[in-house]
Amino acid sequence: MDWTTPDLNSWPAKVVLRVSKKLRSDKKFTQAAIDSNNAKAAERRQRQREEHARKNRYNARQSEDIAHCHNDVNELGEREHSAFSEASTLVDHHDYTDMMHRLAHHDSFDSLLDQTIQKDRLKDPYFDSQGHTEEFRLASTRHERLVESIPDELWKRIVSFLNPADAVCLALSSQTLRQKLGSAPLKSLDEPQNKHHKITFLRSLDGQLPRHLLCFPCARYHLRTRPGKESLKADYVKNPLFVCPAARNTTLPRLRLTHGRELPYGWVQLALRNSHSRAHGIDPESLSRRWQHAESGWDFRTRYLEHDGRLLVRAVSQCFVPPAKTLTKTVERHVLYELQDFMPYFSVCAHWQDGELMDMCKCAMSHVPAPPDSYLNQLKRAPKINREAAHPNFIVTGCDWCRPARRCPDCPTEYLVEIRMVEDRNDLVSPFKHAIVVTRWSDLGDGSSPYTSPEWTAIKGTPIPEPKVGNEYESFSHVGRRAVSGIFESKISGSIPGQRMLSLNPKNKKLGEYGHGWY
Ligand SMILES: [Zn+2]
Ligand SMILES: [Zn+2]
Ligand SMILES: [Zn+2]
């Protein structure tokens, strides 16, 4: 026998059932009761509405006008539900065919509304403007005949107003135009003075040549040596990306990353070609490296990210620093500079000498506390003790001047200098030490050309050649809603650095090597 189920025929069960029926009868939950309750509630609401209208002197609308036009939605747009009359649920009975038709887009995406949406999307820091460039190319015989009806001379006159790259694009756009314009636009594009136009034109073929890479010094496409299996090596000269006959006697464009490491421009191209297809390029993340410079003790980490068709890089450099007490000018310089050509070991843009970067590093180093001085040692020296010397604060936050991040006014580069506690695995006695950590974020541009890409030329500090003059990078007008560091960190960790951002060179004095502050 099951002891847990009650025996409904026993007298205690009968008493309980009878009492509970009195207290909570089923009558209220029959459909008839619910309907009459709803009717009563509607009547009551109508009365309240009329009362309110009379008090505030307006004409009350008949609730049927609204209430009955769409099932049982009242004039406030609320739907009346009854929990027990399962007849109405939150979901209407939809006509699925109608839903499908509503989902389809019936209008052109070029409407005024869509244009503003597109503009709004540009404000989004994650918006990828390269996303949808594929368009249909329509060929119509009627238009072809229209093109044909215009005399050759007129077409040649039109071409004379275009730049050489656009002229070639026009000449190659159809068979008719090719015949009408002849080979003159192509010949003109091949002239040495039109090299940058030629590069612009060749770049437009990038999507069609997955196994080739555009070589800028030669202005031609070379075959990739290891398509898809490229790996960035320190000795990039012995591991070329493509077979270039001029590789030995020209300097392929590149960027100094840190002491002894450089990034050839081909890698920027490769990392950004993924927008065409996976076969075109490599994953930008695969460029990330970590290495150490044994002589100086500097430790470097680089990481790359693609954002809105441009390659962003973060280079973190760190090195142990002695306590500020023992620091002299010479020790400082030994830590920061490589003493052959007096360049900082860490990653810098071309404008590092002009701003406050080196002073920031020196200021940060001046905040490193001395190791704890025990009470016993203190007493051995003199009969007084100092609590702060025995328990120094090891978390260094820097001062108000050296703590904020800085943005170079001449290029898309940002710096942050910090002092962090880092574990030194080689030191078994006191493994935790203070290290100076210099983080640099840079926008390396869209890979269009090392000669004319505004971001790349700004970082390198090279002038932009003739045809693209006026395209120069203006650092502070390009910051937009978020700086490079903000975009980078929010994409990687979901949070942006809390530091303020100041100008690296607030006085905008450009003395270069002859300025005296940097050394
Ligand atoms: Zn070449
Ligand atoms: Zn400071
Ligand atoms: Zn700069």
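**Entry 1: setting up**

I start with the term I need most: a residue is buried if 20 or more other C-beta atoms lie within 10 Å of its own. I also remind myself that this is a predicted model.

I looked up the overall make-up. The protein chain has 19 helices and 13 strands. Of its 519 residues, 25% are buried. I then checked the contacts between residues at least 6 apart in sequence, and 58% of them join residues at least 24 apart.

**Entry 2: helix H11 and its cover**

I went to H11, residues 195-203. Which residues of H11 are buried? I noted His-196, His-197, Ile-199, Thr-200 and Phe-201. Their cover includes H8 and helix H10, residues 184-189.

I followed H8 next, which spans residues 164-171. The axes of H8 and H11 are 8 Å apart, and the two helices pack at an angle of about 40°. That angle makes H8 oblique to H11. On the H8 side I found Pro-164, Ala-165, Val-168 and Cys-169 in the contact, and on the H11 side His-197, Thr-200 and Phe-201. I sorted these contact residues by type: five are nonpolar, two are polar and none is charged. His-197, Thr-200 and Phe-201 turn up again here, having been listed among the buried residues of H11.

**Entry 3: the seven-stranded sheet**

I traced an open sheet of seven strands and wrote down its order as E5-E6-E7-E12-E11-E10-E13. The pairing in this sheet is mixed. Which strands stand at the edges? They are E5 (289-293) and E13 (501-503); each has a single partner strand, so one side of each is left without a neighbour in the sheet. I also looked up the twist, which averages 25° from one strand to the next.

I walked through some of the pairings one by one. E6 (residues 298-307) runs antiparallel to E7, with nine bridges between them. There I found His-307 opposite Arg-310 of E7. E7 covers residues 310-320, and nine bridges also tie E7 to E12, again antiparallel. In that pair, Arg-314 has Trp-441 of E12 as its bridge partner. On to E11 (residues 413-423), which is antiparallel to E12 over eleven bridges. Here Val-422 is bridged to Lys-433 of E12.

**Entry 4: how covered is E12?**

E12 has E7 and E11 beside it in the sheet order, and I wanted to know how many of its residues are buried. The count is nine of the twelve, over residues 432-443, and the strand is mostly covered. I also found a helix lying across this part of the sheet: H14, residues 357-365, crosses E10 (405-407), E11 and E12. H14 runs at about 20° to E11.

**Entry 5: a stop at Val-321**

My last stop was Val-321, in the loop between E7 and helix H13, residues 329-336. Why does Val-321 count as buried? I found 24 C-beta neighbours inside 10 Å, and the cut-off is 20 or more.

I listed what Val-321 touches, leaving out residues up to four places away in sequence: Val-335, Met-365, Val-368, His-434, Ala-435 and Ile-436. Val-335 falls within the range of H13, Met-365 within that of H14, and His-434, Ala-435 and Ile-436 within that of E12. I looked up one more distance: Val-321 and Glu-332 are eleven residues apart in sequence, and their C-alpha atoms are 8.6 Å apart in space.

How values were computed
Residues numbered from 1 in each chain as written. Chains lettered and ligands numbered in written order. Predicted model: local features only at pLDDT ≥ 70, side-chain atom pairs only at ≥ 80, totals over all residues. Helix = DSSP H or I, 4+ residues; strand = E, 2+ residues; numbered from the N terminus. Contact = placed C-beta atoms within 7 Å. Axes fitted to C-alpha atoms, helices over the stretch in contact; angles between N-to-C directions. Parallel < 35°, antiparallel > 145°, perpendicular 65-115°, else oblique. Nonpolar A, V, L, I, M, F, W, Y, C, P; charged D, E, K, R; others polar. Pairing = 2+ DSSP bridges.
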